[in-house]
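Hi,

Here is the structure I said I would pass on. Have a look at it first, and then read on for what turned up.

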Amino acid sequence: MNELRGRLFSEGCRVSLRLAAFCFLLLSVTGCGGGRGGASGPSAMDSTLVITSLGDADYLNPVIGATVTSSNIFGLIYPSLLQSSFDTTTGLLNYEALEKRLRKATGASKKPEAALARSWTFSPDHRTLTYRIRSDAFWDDGMPIVAEDFRFSYMLYGNPIIASPRQQYLAELVGAENGAVDFQRAITAPDDTTLVFRFHKPVPEYLALFHTSLTPLPAHYWKDVKPEEFRQSRLNQNPLGAGPYRLKSWKQQQELVLESSARCNLPKPGNIPLISFRVVPDYTVRLAQLQTGAVDVVENIKPQDFEGLQRAAAPVEIKTVGLRVYDYVGWSNIDRDEYRKSGRIQPHPLFGSAKVRRALTMAIDRQSIMDGYLKEYGELCSSDISPSLKWAYNNTIVPYAFNARKASDMLREEGWVPGPDGILQKAGRKFSFSLYTNAGNERRNYASVIIQQNLRAVGILCRLEVQESNVFFENLQSRRLDAWMAGWSIGLEIDPMDVWGSDLEASRFNFTGYRNPDLDHLCMLAKKKMDPLEAKPYWLEYQELLHRDQPVTFLYWIRETQGFNGRIQGEELNISGVFYNIDDWTLRPSATLAP
């Protein structure tokens, strides 16, 4: 559960990858060096938008890309079947094709000209979804985008050798109930503009649209790549897309540059000629570059730095969006070494007990972290359903209060007693571990020191370890860490089986190894309801289960604070993402800006 899904999931398909997904916030923003895209002078500055990130993209491929940075980038490169908009009044998501929308539009939203789908029909038995696809969309090499591209791509998403983190999106397709999707029956493309999905059970229309909106790859470009070579293919560094931008250059771990794609009609080429994503792990460097105008966008600005930015040489605006992102401390619920070695599942010797995990949460002074860093931009978190999802949020749950004495009592009840050195021990084993997080995230660095002190006060020895972002994420995905601190960007559609599902091979984001058949059952019951509002009782109980079991320590929801250079025009930030309409942004000429 990290800065990975979400938003994301959430943009290679502007519906699912920016939403789902859900995605990792591991990679925020960074900047590296001065200048813009290697060019100099006013003309270069006026033609290049520079965005900073903590770490590089992992893959420019929506099938396997898993970080927020990757999602932000391939969301501009690849097309999407549908577009989506979020209703802030109800917390419900709307889906739109060129000629159809799921729900009546409320408030301002982007027009759906970028959608590949003209319309769709859903059978009365809720088992067959048929899309009518536009015939005037083309890949960057001039080949038309056809229904077969989607069928081919879904076979990639569902291939166990490729191991896409989005396999759970295929869980309702025909054949999945028997262990493997029957692609001959589940997805068909009768002609170039007709795409049919078939489900093995009735599925709510909103979930059917959500799960069938994964980003397509061009079949003609990828067809000769073997599944076992997919992740290593050179095509991952040379993507063929159809979006408003295309890859211009990529110096890994330094800078990735996109250029406006002149042939894009989904709906048009990006307004800004060049977009540079620069890797700058150090927050103070990012902040200084924003102040001088060397970079244009820096995410997650500290509230205490707002005043200084008002006096910066370059005009800076602070924009706030939330609540979609939360930080958490992850605990491996299972013995990860045994699982990786033999596939057997047994409780983790430190964190395998829900009571111990509750005690750990009570031992951490979350309010103190918020008061010292986030201030009014944080809100205590009890589960992964955001208060922004008003229709499903359980506001009766009271977050566990900081109570070191009670935490100590609970640990003692679980057999953990102080040893000669004051460190808790049980059956000869000390309660000692390393807490990992990614480099360059000042908020987590601040929080981890307080967490270390809080845990030491109850007799737990917690060592702090920092890893480069891409290394950290790879270790997390491989379940190599016992304890970590990270962030999660939730999907705006509630479908959490890829995070908490008991099938650990299918639930690729279940880094903790948490398994609870009651939670699986609640999710299944909720997804049977054709009207999402009828599923609310199940989601309320789902949140109570997570609150009780504490598979992770949910820390706080974050109102993200983003720094924008004043020369940017047309930006619309909302819960769908900071870069929700980046292809519509423009740059005010530098000569018009006040010094």
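One term before we start: a residue is called buried here when its relative accessible area is under 20%, exposed when that is over 50%, and partly exposed in between. Also keep in mind that this is a predicted model.

**Helix α11**

Let's begin with helix α11, residues 354-363. Which of its residues are buried? They are Val356, Arg357, Arg358, Ala359, Leu360, Thr361, Met362 and Ala363. That makes eight of the 10 residues in the helix, so α11 is largely enclosed by the rest of the structure.

What covers those buried residues? The cover includes four helices and strands you can pick out from the later part of the chain numbering, namely α12 (366-374), α13 (404-413), α14 (442-457) and α18 (536-549), along with β15 (316-331) and β23 (552-565). At the start of α11 there is also a polar detail to look at: a side-chain oxygen of Ser353 comes to within 3.2 Å of the backbone nitrogen of Lys355.**Strand β10 and its partners**

Next, try strand β10, residues 194-198. Four of its five residues are buried, which leaves the strand mostly covered. β10 pairs with β8 (residues 128-133) in the antiparallel sense, over five bridges. In that pairing, Tyr131 stands opposite Leu195 of β10.

β10 also pairs with β9 (residues 187-191), again in the antiparallel sense, over three bridges. Here Thr188 has Val196 in β10 as its bridge partner. A hairpin of two residues takes the chain from β9 to β10.

**Salt bridges**

Side chains of opposite charge can pair when their charged atoms come close. How many salt bridges are there in this model? The count comes to 28, and a few of them are worth finding on screen.

Start with Glu442 and Lys302, whose closest N and O atoms are 3.6 Å apart. Glu442 belongs to helix α14 and Lys302 to the loop between β14 (297-298) and α9 (306-310), so this pair ties together parts that are 140 residues apart in sequence. Glu442 is partly exposed, at 25% relative accessibility, whereas Lys302 is buried at 15%.

Then look at Arg336, which takes part in two salt bridges listed here: with Asp337 at 2.9 Å, N to O, and with Asp482 at 2.7 Å, N to O. Asp482 sits in the loop between α15 (469-477) and β22 (483-489), while Arg336 is in helix α10 (residues 336-342), so their salt bridge ties together parts that are 146 residues apart in sequence. Is Arg336 buried or exposed? Arg336 is buried, because its relative accessible area of 17% falls under the 20% cut-off. Both acidic partners are partly exposed: Asp337 has a relative accessible area of 45% and Asp482 one of 22%.

There is a network of salt bridges as well, which links Glu99, Arg118 and Arg132.

**Cysteines**

A disulfide is a covalent bond between the sulfur atoms of two cysteines. How many disulfides does the structure hold? The number is zero. Take Cys462 as a case: the closest cysteine sulfur to its own is that of Cys381, 20 Å away, which is too far for a bond. Cys462 is buried, with a relative accessible area of 3%. Cys264 is buried too, at 6% relative accessibility.

**Backbone details**

Finally, here are some places to check along the backbone. The peptide bond that joins Leu266 and Pro267 is cis, with omega about 0 degrees. Pro267 is found in the loop between β12 (255-260) and β13 (274-279). Another cis peptide bond runs from Gly322 to Leu323, with omega near 0 degrees, and Leu323 lies in strand β15. You met β15 above as part of the cover over α11.

Which residues have a positive phi although they are not glycines? Lys375 is one of them, with phi about 55 degrees, and Gln550 is another, with phi about 45 degrees. Lys375 is in the loop between α12 and β16 (378-380), and Gln550 is in the loop between α18 and β23. Their surroundings can be read from the accessibility: Lys375 is partly exposed at 38%, while Gln550 is buried at 2%.

Happy browsing!

Note on methods:
Residues are numbered from 1 along each chain as its sequence is written. This is a predicted model: local features need pLDDT of at least 70, side-chain atom pairs count only at pLDDT 80 or more; totals for chains, interfaces and linings use all residues. Side-chain values use heavy atoms; hydrogens and water are left out. Buried means under 20% relative accessible area, exposed over 50%, partly exposed in between (1.4 Å probe, protein chains only). Contact means heavy atoms within 4.5 Å. A polar contact is a pair of N or O atoms within 3.5 Å; within protein, one must be able to donate a hydrogen and the other to accept it, and residues adjacent in sequence count only if both atoms are side-chain atoms. Two strands pair if DSSP finds at least two bridges between them. A salt bridge is a side-chain nitrogen of Lys or Arg within 4 Å of a carboxyl oxygen of Asp or Glu. A disulfide is a pair of cysteine sulfur atoms within 2.5 Å.
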